[in-house]
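Here is a walk through one model, one region at a time. Have a look at the structure first, then read on.

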Amino acid sequence: MEWIPTISELSGPRYQRIVEAMEADIAAGRLVRGQQLPTQRALAKALGIDLTTVTRAYTEARRRGIMEARVGQGSFVSETSARRAVDLPHPVAIDLSMNVPPHPLEAQLDERIIAGLEALRAQSGLTAYLNYQPPGGSAHEREVAARWMRARVPHAQADRLVIFPGAQTILFNLLGHLARPGETVLTEALTFPGIKAAAALLGVKLVGVPMDEDGILPDALAKACRVHTPKAVYLIPTLHNPTTATLSADRRGTIAKIIRDAGTILIEDDAYGLLDRSASPVANLIPERTYLATTLSKCIAPALRVAYLVTPDSGSQRDMRTSLQATVQMPAPLMVALVTHWIENGIADRIVSAIRNEAVGRQQLAQRALKGFQFLARPAAHHLWLRLPEGRPDVAAHLLRNGLAVVAGDAFTVDGAPPHAARVSLGAARNRSELTEALRILVGALQKPADTRQIV
């Protein structure tokens with residue numbers, strides 16, 4: 001049976017009542033993602049109203065991100081809560097370059113943000129969060145965060161935890177704290193571009209350590225520690241960016257011993273850890289030598305700018321709070337309060353679960369589309385690492401000419417020749433329909449023969 005909204009009990013203009021009824025029915029499960037909606041003409045007839053009113057309602061629903069139109073097929077309930085992209089650079093039509101989480105309707109982010117802010121307003125008023133707050137979070141906020149993290153990091157305690165405005169700020173402050181200009185920090189041979197940018201600005205030397213499909217090679221790390229005497233080792237052990245490599249338990253144990261024996265410090269970037277809870281952080285093996293960074297950017301939303309740093313001891317925690325205050329003063333109090341509310345009420349875990357499930361679905365879609373091609377992927381990752389055809393240096397440029405952006409291997413290379421590969425960020429597509437189209441363009445580019453035209 002086609003959807004017919006009940007609008008008689010709502011107030012306001014009719015077109016707004018249709019949109020509000022649509023939102024309410026989505027929240028109640030009466031409308032589900034991907035469900036086809038009646039045509040505008042059919043809905044106008046069913047409700048006994050003018051066609052232009054329904055047209056205006058559908059336009060508003062698309063603007064709010066709850067409905068999408070598919071050429072030649074009709075109108076459907078949106079698969080995500082993401083808005084239409086308006087700031088993509090020309091000629092990009094689909095941007096799979098940013099490694100961000102998808103926002104499925106099941107995450108109910110719009111509704112939960114509104115409800116969370118209303119709860120904060122009722123409790124103490126929103127203006128209470130518009131003044132300066134303690135750098136690194138209040139004692140209560142740190143205690144809530146530590147209690148939440150102890151499911152994966154048993155040693156997490158409030159007096160060893162600092163709340164930062166995003167993981168990038170953590171990395172910048174840690175590099176500045178642990179290494180002076182010219183000193184060395186080891187990383188995987190391919191690593192997060194953010195650590196490269198921070199090191200370049202601070203004058204810290206990064207040295208890449210060889211890795212395989214399972215992550216950094218222990219023997220190579222041990223040798224690099226002997227040769228370079230690093231001030232720290234920066235690793236992404238779980239759903240590595242960009243390769244998705246995830247260290248086995250055995251390899252984590254070997255690496256922890258190497259770091260302990262070398263007398264150095266581990267900076268563990270656990271950005272994706274909440275998406276793969278089966279992987280225990282290396283920090284659990286050497287807590288006294290590890291700074292563990294966990295961010296909500298990859299498991300909820302990047303613009304929250306909330307990340308947690310678990311330090312080796314309370315003295316290190318005080319040092320990092322001082323460093324935070326000297327650089328950015330504090331995280332945004334209202335965002336920290338909202339996230340704290342979500343954690344206390346179990347909402348954060350439900351959002352993460354919905355996003356994890358969507359990531360799994362998108363990986364399955366990519367597995368089917370890219371069958372026969374070489375790539376590395378993990379079930380809950382937001383990205384995959386795609387090997388590009390040999391003799392085809394033009395693939396990334398060809399994709400861009402066709403409106404699709406991915407990130408080539410040189411962005412992640414620490415030193416040496418970059419691999420002929422690209423990171424494809426599946427979570428960046430606004431919905432699965434857009435991802436399907438992006439993968440179609442990608443497969444077409446991979447199958448295209450090398451361009452032999454003569455340039456004169």
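Is Arg305 buried, exposed or partly exposed? Arg305 counts as partly exposed because its relative accessible area is 33%, where buried means under 20%, exposed over 50% and partly exposed in between, using a 1.4 Å probe and protein chains only.

## Ground rules

This is a predicted model, so local features need pLDDT of at least 70 and side-chain atom pairs count only at pLDDT 80 or more, while totals for chains, interfaces and linings use all residues. Residues are numbered from 1 along each chain as its sequence is written, and side-chain values use heavy atoms, with hydrogens and water left out.

Helices (H or I, at least four residues) and strands (E, at least two) are DSSP runs, numbered from the N terminus.

## Backbone oddities

Back to Arg305: it is not a glycine, yet its phi is positive, at about 50°. Arg305 sits in the loop between S11 and S12.

Thr229 also has a positive phi without being a glycine, near 45°. Thr229 belongs to the loop between H8 and S9 and counts as exposed, at 60% relative accessibility. Then there is a cis peptide bond, running from Asn241 to Pro242 with omega near 20°. Pro242 is placed in the loop between strand S9 (232-235) and H9.

## The sheet

Seven strands make up an open sheet with mixed pairing, and the order is S4-S12-S11-S10-S9-S5-S6. Two strands pair here if DSSP finds at least two bridges between them. At the edges are strand S4 (161-164) and strand S6 (205-209), each pairing on one side only. On average, neighbouring strands of this sheet are turned by 20° against each other, direction ignored. For angles in general, axes are lines fitted to C-alpha atoms (for helices, over the stretch in contact), and values run from 0 to 180 degrees between N-to-C directions.

Strand S10 (residues 266-269) pairs with strand S11 (residues 290-295) in the parallel sense, over four bridges. Within that pairing, Ile267 stands opposite Tyr291 in S11. Helix H10 (residues 314-327) packs on the sheet, touching S4, S11 and strand S12 (307-310), and its direction makes about 20° with that of S4. Contact means heavy atoms within 4.5 Å.

Thr187 is a good spot to zoom in on, in strand S5 (residues 184-188). At 0% relative accessibility, Thr187 counts as buried. Leaving out neighbours within four places in sequence, Thr187 is in contact with Leu206, Val207, Gly208, Val209, Ile216, Tyr234 and Val414.

## Two helices side by side

Two packed helices are described by the angle between their axes and the distance between the axes. For helix H8 (residues 218-228) and helix H9 (residues 249-262), the axes come within 10 Å and cross at roughly 10°. That makes H8 roughly parallel to H9, a label for angles under 35 degrees (over 145 is roughly antiparallel, 65 to 115 roughly perpendicular, and the rest oblique).

Which residues make the contact? H8 brings Pro218, Leu221, Ala222 and Cys225, and H9 brings Arg251, Thr254, Ile255, Ile258 and Ala262. The residues of this contact split into seven nonpolar, one polar and one charged. In that scheme Ala, Val, Leu, Ile, Met, Phe, Trp, Tyr, Cys and Pro are nonpolar, Asp, Glu, Lys and Arg are charged, and the others, Gly among them, are polar.

## An aromatic pair

Rings of Phe, Tyr and Trp (its six-membered ring) pair if their centres lie within 6.5 Å, with planes under 30 degrees apart counting as stacked, over 60 as edge-to-face and the rest as tilted. The count by this rule is one aromatic pair. Trp385 and Phe412 form an edge-to-face pair, at 5.8 Å centre to centre and 85° between the planes. Trp385 lies in strand S14 (residues 383-387) and Phe412 in the loop between strand S16 (407-408) and strand S17 (421-425), so the pair ties together parts that are 27 residues apart in sequence. Trp385 counts as buried at 8% relative accessibility, and Phe412 counts as buried at 1%.

## Two partly exposed spots

Arg350 is in helix H12 (residues 347-369) and counts as partly exposed at 44% relative accessibility. Not counting residues up to four places away in sequence, Arg350 touches Arg112 and Asn345.

Ala377 lies in the loop between strand S13 (375-376) and S14, and is partly exposed with a relative accessible area of 26%. The C-alpha atoms of Ala377 and Gln363 are separated by 7.7 Å, with their positions 14 residues apart along the chain.
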